[in-house]
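The following exercises are to be worked with the sequence and the structure at hand. Each task is followed by a solution in steps.

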Amino acid sequence: RWRLTSISEHLKGVLKDWISIGLIILAFLFFFKKTGDFSRLWLAIWFVGVVIASVTLRLLLLFWLRKHRLGGNNQVHIALVCNSSTYAYIQSKIKAYPWSGYKLIEVINVDDGDSWERLNIANCQELWISLPMHQETKLRAALHHFRHQSIDVRYIPSMSDFSLINHSVSHMLDMTFINLSSTPLDHQGYFWKRLEDIVLSTFFLILFSPLMIVVALLVKYTSPGPILFKQKRHGWNGDEFYVYKFRSMYLHLESEGQVTQATVGDKRITPLGRFLRKSSLDELPQFINCLNGTMSIVGPRPHAVEHNEKYKDLIPKYMWRHKVKPGITGWAQINGLRGETSTIESMKKRVDYDLFYIENWSMWFDMKIIFLTLFSLLRGKNAC
């Protein structure tokens with residue numbers, strides 16, 4: 001696994017380990033009432049020093065290993081059973097990561113009529129079998145032929161016909177499952193993300209409460225209608241909920257089952273509402289959604305139910321956005337995809353960013369998005 005883990009993942013692991021160690025040490029010092037026996041400055045210098053030293057040593061080790069492998073050392077020799085299409089695919093992946101040290105030295109292509117007996121695995125450390133599901137007979141024959149070999153055997157399923165997100169292998173009821181699409185949040189991930197939402201939403205609600213009171217009064221006295229605007233949205237797993245915003249439009253009626261997106265220069269938007277939208281102040285009540293668990297601080301922006309019905313058949317994987325809770329901000333928004341989506345292409349681009357977030361979710365990614373959102377809000381692009 002080390003061979004294909006990115007440098008950023010290595011560094012995240014080092015940082016997470018040392019943060020855990022630091023918290024454990026602080027907990028012990030506090031529990032045994034020893035905090036006064038140690039210099040806080042010394043502890044801070046020690047902690048920063050060991051983190052820098054660990055990161056530096058890990059980087060030196062990784063770069064040395066990669067250089068070593070590129071020079072032909074520390075190689076893993078592979079014997080491969082495949083067909084023509086899977087051979088081209090696997091070969092391209094190995095060439096894309098030359099520093100990983102994987103090298104094909106024996107190949108059997110079943111499309112060329114190659115026989116299992118011709119495969120010499122004496123100098124190989126691993127046997128890879130990559131045959132599509134419609135060649136089950138040949139797959140079973142290959143597994144049977146190599147059943148007595150002691151080297152590691154890996155099966156690479158041909159999943160090109162499937163749409164995948166957060167695909168993995170799990171074991172339940174004494175059966176093996178290939179998860180084609182699933183939420184990235186396991187029990188531990190859900191706990192930390194929920195804790196993040198509770199802590200941050202509580203903090204921001206307290207911090208912005210004076211501002212929210214002022215905005216509420218301005219909305220109330222500058223145009224007739226309720227202070228808050230409520231609209232049905234799809235949340236996690238497609239469950240419906242009401243999202244809260246400060247009302248930014250004049251009261252108006254629309255046809256049942258139709259929601260018209262706000263556009264630049266939309267006459268339905270009040271003068272105050274235009275400022276609230278541009279500054280994103282209209283979205284402050286969504287911290288209430290985060291606190292009650294229907295939304296998250298970071299996640300795909302929730303679309304109106306009517307828009308989901310429109311786009312789910314037009315954009316592949318569109319409904320996969322609901323594999324996590326919708327968010328106040330997201331990866332798409334800090335990349336400039338806010339406000340009106342007037343074309344299928346613009347909506348598809350937003351969905352692509354949302355799916356990238358779901359596929360690569362981590363607490364660190366959330367913190368990065370929250371930090372970058374501050375700069376995005378200052379620019380105020382694509383708001384209407």
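Two residues are in contact when heavy atoms of theirs lie within 4.5 Å. The model is a predicted one. Its chain has 384 residues, 39% of them buried, and contains 11 helices and 10 strands.

**Exercise 1. Contacts of Leu276**

Task: Determine which residues are in contact with Leu276, leaving aside its neighbours within four places in sequence.

Solution.
Step 1. With those neighbours set aside, Leu276 is in contact with Val215, Val219, Phe246, Arg247, Leu281 and Asp282.
Step 2. Leu276 is a member of the largest nonpolar core, which has 37 residues. Together with Phe246, Phe287, Ile297, Tyr357 and Ile369, Leu276 touches the most other members of that core.
Step 3. The elements that give two or more residues to this core are α5, β8, α6, α7 (286–292), β9 (296–298), α9 (331–334), α10 (344–359) and α11 (363–379). The most comes from α5, with seven residues.
Step 4. A second core, separate from this one, has 14 residues, among them Val81, Leu119, Ala142 and Phe146.
Step 5. A general tendency may be recalled here: nonpolar side chains in soluble globular proteins tend to be buried together.

**Exercise 2. The two sides of helix α6**

Task: Identify which residues of α6 (residues 271–279) are buried, and explain why they are on the same side of the helix.

Solution.
Step 1. The cut-off for a buried residue is a relative accessible area under 20%. In α6, Leu272, Gly273, Leu276 and Arg277 are buried.
Step 2. Around the axis, these residues cover an arc of only 130°, which puts them on the same side of α6.
Step 3. Pro271 and Phe275 are exposed on the other side of α6.
Step 4. The cover over the buried residues of α6 includes α5 (187–222) and β8 (240–246).
Step 5. Ser280 follows just after α6, in the loop between α6 and α7. Ser280 is not a glycine, yet its phi is positive, near 65°. With a relative accessibility of 10%, Ser280 counts as buried.

**Exercise 3. Helix α3 and its span**

Task: Compare the expected span of α3 (residues 84–96) with the distance between its end C-alpha atoms, and state what the buried residues of α3 pack against.

Solution.
Step 1. The expected span is 1.5 Å times one less than the number of residues. For the 13 residues of α3 this gives 18 Å, and the end C-alpha atoms are 19 Å apart, which agrees.
Step 2. Thr86, Ile90 and Ile94 are the buried residues of α3. Viewed down the axis, they fall within an arc of 70°, so they line one face of the helix.
Step 3. Ser85 and Lys95 are exposed on the face of α3 turned away from the buried side.
Step 4. The buried residues of α3 pack against β1 (76–82), β2 (102–109) and β3 (126–130). The helix lies across these three strands and runs at about 175° to β2.

**Exercise 4. The four-stranded sheet**

Task: Give the order of the strands in the open sheet of four strands, and explain why β2 and β4 each have one side without a neighbour.

Solution.
Step 1. The order is β2-β1-β3-β4, and the pairing is parallel.
Step 2. At the edges stand β2 and β4 (152–155), each with a single partner strand, so one side of each is left without a neighbour in the sheet.
Step 3. On average, neighbouring strands of the sheet are turned by 25° against each other, direction ignored.
Step 4. The parallel strands β1 and β2 are joined by seven bridges, and Val76 stands opposite Tyr102 in β2.
Step 5. Asn74 lies in the loop between α2 (40–70) and β1. Although Asn74 is not a glycine, its phi is positive, at about 50°. Asn74 has a relative accessible area of 35% and is partly exposed.

**Exercise 5. The hairpin of β7 and β8**

Task: State in which sense β7 (residues 228–234) and β8 pair, parallel or antiparallel.

Solution.
Step 1. The two strands pair in the antiparallel sense, over seven bridges.
Step 2. The bridge partner of Arg233 in β8 is Phe241.
Step 3. Five residues lie between the strands of this hairpin, in which Asn237 takes a positive phi near 60°.

How values were computed
Residues are numbered from 1 along each chain as its sequence is written. This is a predicted model: local features need pLDDT of at least 70, side-chain atom pairs count only at pLDDT 80 or more; totals for chains, interfaces and linings use all residues. Side-chain values use heavy atoms; hydrogens and water are left out. Buried means under 20% relative accessible area, exposed over 50%, partly exposed in between (1.4 Å probe, protein chains only). The arc is that of the directions from the helix axis to the C-beta atoms. A nonpolar core is a set of buried Ala, Val, Leu, Ile, Met, Phe, Trp, Tyr and Cys residues joined through side-chain atoms within 4.5 Å. Two strands pair if DSSP finds at least two bridges between them. Axes are lines fitted to C-alpha atoms, for helices over the stretch in contact, and angles run from 0 to 180 degrees between N-to-C directions.
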